[in-house]
Amino acid sequence: MSDKKEEMKDQVQDDLQEEVSNDAEATDETEASAETRENPGEETEEASNENEDKADRKSRKADRKADKKTEKLQEQIDDLQDRVKRQLAEFENYRRRTEIEKAAMFEVGAKSVIEKILPVIDNFERGLATVPEEEKNSPFAEGMNMIYKQLMVELEKLEVKPIEAVGAEFNPELHNAVMQVESEELETGMVAQELQKGYTYRGTVVRHSMVAVVQ
């Protein structure tokens, strides 16, 4: 019997200790809940700070993305501007080359036409030179002379000029010596006679003068 009493006594003591422990935990929870109710701003402030940190991180991330996008767009703009500048430079070079080629083609064409006109002028001069003295004042001779003068005026407007020959020093760049003659009036190397008149076009020789040079 005494053993049973001891067991019952121990059981009662264990139950009492468990109740005391439960009461203590409940008291702690109550105090913690009361403390939370007494200081609600601390938890709210922590949550607010955490939200602000998240917002800042998102904002910085968005800014980095925007900066990268802006840099990429700027690179594309710079590339397009560079292409446009190169194309403009190429077009300007093409325009200049075209103008030079056109000018050169015009010069070649003009010289070709002038070369074909020069024999006509030669024939005019030969024809006028053969007109007898008594017929130089005839309407026909005067008409031919007027046409010849008009032709020469138009050629002069085109900057076609005759090359100076008789009495000038022989210049192989302007004169073509086909014979040598003796002369008491002119020195050696001077042009004594012009056999065919030469012409220049804008400073360039179209046809050399055919001359006789003093030996």
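A salt bridge here is a side-chain nitrogen of Lys or Arg within 4 Å of a carboxyl oxygen of Asp or Glu. By that rule, the structure holds 11 salt bridges. Keep in mind that this is a predicted model, so everything below is computed from predicted positions.

## The overall layout

Let's start with the chain as a whole. Its secondary structure comes to 3 helices and 6 strands. Reading from the N terminus, the order is α-α-α-β-β-β-β-β-β, so the helices come before the strands. Of the 215 residues in the chain, 14% are buried.

Much of what follows involves helix H2, which covers residues 40-129.

## Salt bridges

Three of the salt bridges are worth a look, and here they are side by side.

| Salt bridge | N to O distance | Where the residues lie |
|---|---|---|
| Glu 92 and Arg 95 | 2.3 Å | both in helix H2 |
| Arg 96 and Glu 92 | 3.3 Å | both in helix H2 |
| Arg 207 and Asp 122 | 2.8 Å | Arg 207 in strand E5, Asp 122 in helix H2 |

Glu 92 turns up in two of those rows, with Arg 95 as one partner and Arg 96 as the other. How far apart along the helix are Glu 92 and Arg 95? They are 3 residues apart in helix H2, which means about one helical turn separates them. Arg 96 and Glu 92 are 4 residues apart in the helix, again about one turn. Glu 99 joins in as well: Glu 92, Arg 95, Arg 96 and Glu 99 are linked in a network of salt bridges.

How much of this network can a probe reach? Glu 92 has a relative accessible area of 25%, so it falls in the partly exposed class. Arg 95 is at 32% and is partly exposed too. Arg 96, at 46%, also counts as partly exposed.

The third bridge is another story. The side chains of Arg 207 and Asp 122 meet at 2.8 Å, N to O. This pair links distant parts of the chain, since Arg 207 sits in strand E5 (residues 204-207) and Asp 122 in helix H2, 85 residues apart. Are these two buried or exposed? Both Arg 207 and Asp 122 are buried.

## Other long-range contacts

Helix H2 also comes up in a second contact between separate parts of the chain. The structure holds 1 aromatic pair. Phe 124 and Tyr 148 make up this pair, and it is tilted, with the ring centres 6.2 Å apart and 40 degrees between the planes. Phe 124 is in helix H2 and Tyr 148 in helix H3 (residues 139-157), so the pair ties together parts that are 24 residues apart in sequence. Both rings belong to buried residues: Phe 124 is buried, and Tyr 148 is too.

Then there's Ser 112, another residue of helix H2. It is 94 residues away from Val 206 in sequence, yet their C-alpha atoms are 8.7 Å apart in space. Ser 112 has a relative accessible area of 30%, so it counts as partly exposed.

## Patches on the surface

Turning to the outside, which residues gather in a patch of positive charge? Arg 57, Arg 60, Lys 61, Arg 64, Lys 65 and Lys 68 do, on the surface. One of them, Arg 57, is found in helix H2. With a relative accessible area of 46%, Arg 57 is partly exposed.

There is a patch of negative charge as well, made by Asp 63, Asp 67, Glu 71, Glu 75 and Asp 78. Asp 78 is in helix H2, and its relative accessible area of 38% makes it partly exposed.

The surface also has a nonpolar patch of about 230 Å², made by Val 178, Met 179 and Leu 195. Met 179 lies in strand E2 (residues 175-181). At 37% relative accessibility, this residue is partly exposed. Why can a partly exposed residue belong to a patch? Because the cut-off for patch residues is over 30% relative accessible area, with no salt bridge.

Conventions:
Residues are numbered from 1 along each chain as its sequence is written. This is a predicted model: local features need pLDDT of at least 70, side-chain atom pairs count only at pLDDT 80 or more; totals for chains, interfaces and linings use all residues. Side-chain values use heavy atoms; hydrogens and water are left out. Patches are made of residues with over 30% relative accessible area and no salt bridge: like charges are joined within 9 Å, nonpolar side chains (Val, Leu, Ile, Met, Phe, Trp, Tyr) within 5 Å. Accessible areas come from the Shrake-Rupley method with a 1.4 Å probe; for residues, only the protein chains shown count as cover. Lys and Arg count as positive and Asp and Glu as negative; His and the chain ends are not counted. The place of a charge is taken as NZ of Lys, CZ of Arg, CG of Asp or CD of Glu. Helices (H or I, at least four residues) and strands (E, at least two) are DSSP runs, numbered from the N terminus. Buried means under 20% relative accessible area, exposed over 50%, partly exposed in between (1.4 Å probe, protein chains only). Rings of Phe, Tyr and Trp (its six-membered ring) pair if their centres lie within 6.5 Å; planes under 30 degrees apart count as stacked, over 60 as edge-to-face and the rest as tilted.
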